[in-house]
Amino acid sequence: MMDRKAGQLIQGFLTQDGAGVSLVRVLGSQTMEAFDPILMLDSFDSQNPADYTAGFPMHPHRGIETISYVVKGKMQHRDSLGYSDTISDGEVQWMTAGSGILHEEMIPESKRLLGVQLWLNLPQKDKMTAPVYHSIKKEEIQEIALDGGKLRLLAGNYKEYSGYQGKYLPLDYYDIQLDSGSEIVIDTEPDRSIMLFTLSGGAKVGTTHIPEKTAVKLTRGEHVNLQNPGKEKSHILWISSVRLDEPISWGGPIVMNTEKELKKAFAELRAGTFLKDDIFV
């Protein structure tokens with residue numbers, strides 16, 4: 001039985017997006033091959049509303065799924081399909097952009113905004129699937145007791161437990177909360193592509209220390225030894241899927257497989273023919 005070890009470690013950089021939201025961009029175009037099928041990871045952590053209340057006004061996406069987890073705070077969603085929804089402390093929004101969608105994410109003032117947004121790539125055969133929005137509310141998220149902590153099953157499977165299931169790629173998404181000095185071992189399928197993100201507090205994978213706000217791609221193996229060596233509780237996000245190993249052509253909010261497809265998407269945006277399943281006129 002082979003232990004998974006910490007492979008590539010990525011610490012993000014402070015930037016702004018949307019209408020001026022301050023965030024830490026951890027994964028992006030430079031890491032898309034190593035972390036396949038996770039394209040992007042943005043981390044939000046602020047007690048200053050001026051950092052985020054400008055929000056993300058209406059903008060397009062195609063070819064991906066966006067998955068936002070708000071640990072603390074709120075996020076208000078509205079889109080061209082007519083969905084309008086708010087998620088708050090401990091909830092998830094999962095949007096399949098597919099063939100094309102316009103959406104906005106506004107972030108009201110709160111004591112603290114803490115969370116992440118992932119971009120999950122869509123397989124080539126599903127790039128132009130119909131867009132859809134889904135929220136995963138607190139009552140749908142199971143909390144599983146661990147030795148020295150708990151696991152919130154945001155999506156996918158953990159042992160005999162099942163949560164919300166992605167339609168296009170399998171995704172096991174956990175918020176693992178470990179008390180100081182605690183340690184767990186999680187069994188894994190060797191062919192899964194697994195990454196961790198230390199949302200709050202640090203962690204150790206085997207003998208490697210992972211600082212706070214760091215993404216780490218795990219090597220292949222059949223189990224992971226995960227520890228919290230710090231003095232405070234740690235939140236560790238576990239993100240497991242399968243590699244696509246498909247070509248990627250990425251331009252801003254649109255991710256396709258070829259440059260021709262990417263150019264066509266932007267041409268449709270300019271021509272007003274981008275949306276295939278919308279209620280806008």
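**Chatting through a predicted fold**

Colleague: What share of the 281 residues of the protein chain count as buried?
Modeller: This is a predicted model, where local features need pLDDT of at least 70, side-chain atom pairs count only at pLDDT 80 or more, and totals for chains, interfaces and linings use all residues. Residues are numbered from 1 along each chain as its sequence is written, and side-chain values use heavy atoms, with hydrogens and water left out. Buried here means under 20% relative accessible area, with a 1.4 Å probe and protein chains only. Of the 281 residues, the buried share is 55%.

Colleague: How many strands does the protein chain have?
Modeller: Helices are DSSP runs of H or I with at least four residues, and strands are runs of E with at least two, numbered from the N terminus. Counted that way, the protein chain has one helix, and its strands come to 26.

Colleague: Why is the protein chain called as compact as a globular protein of that length?
Modeller: The radius of gyration is taken over C-alpha atoms, and the globule rule is 2.2 Å times the number of residues to the power 0.38. For 281 residues that rule gives 19 Å, so the chain counts as that compact because its own radius is close by, at 18 Å.

Colleague: Which residue in strand 3 stands opposite L14?
Modeller: Two strands pair if DSSP finds at least two bridges between them. Strand 2 (residues 13-17) and strand 3 (residues 21-27) run antiparallel, joined by five bridges. Opposite L14, in strand 3, stands V24.

Colleague: Which residue takes a positive phi in the hairpin of strand 2 and strand 3?
Modeller: That hairpin has three residues between the strands. The one with phi near 60° is G18.

Technical notes. Buried means under 20% relative accessible area, exposed over 50%, partly exposed in between (1.4 Å probe, protein chains only).
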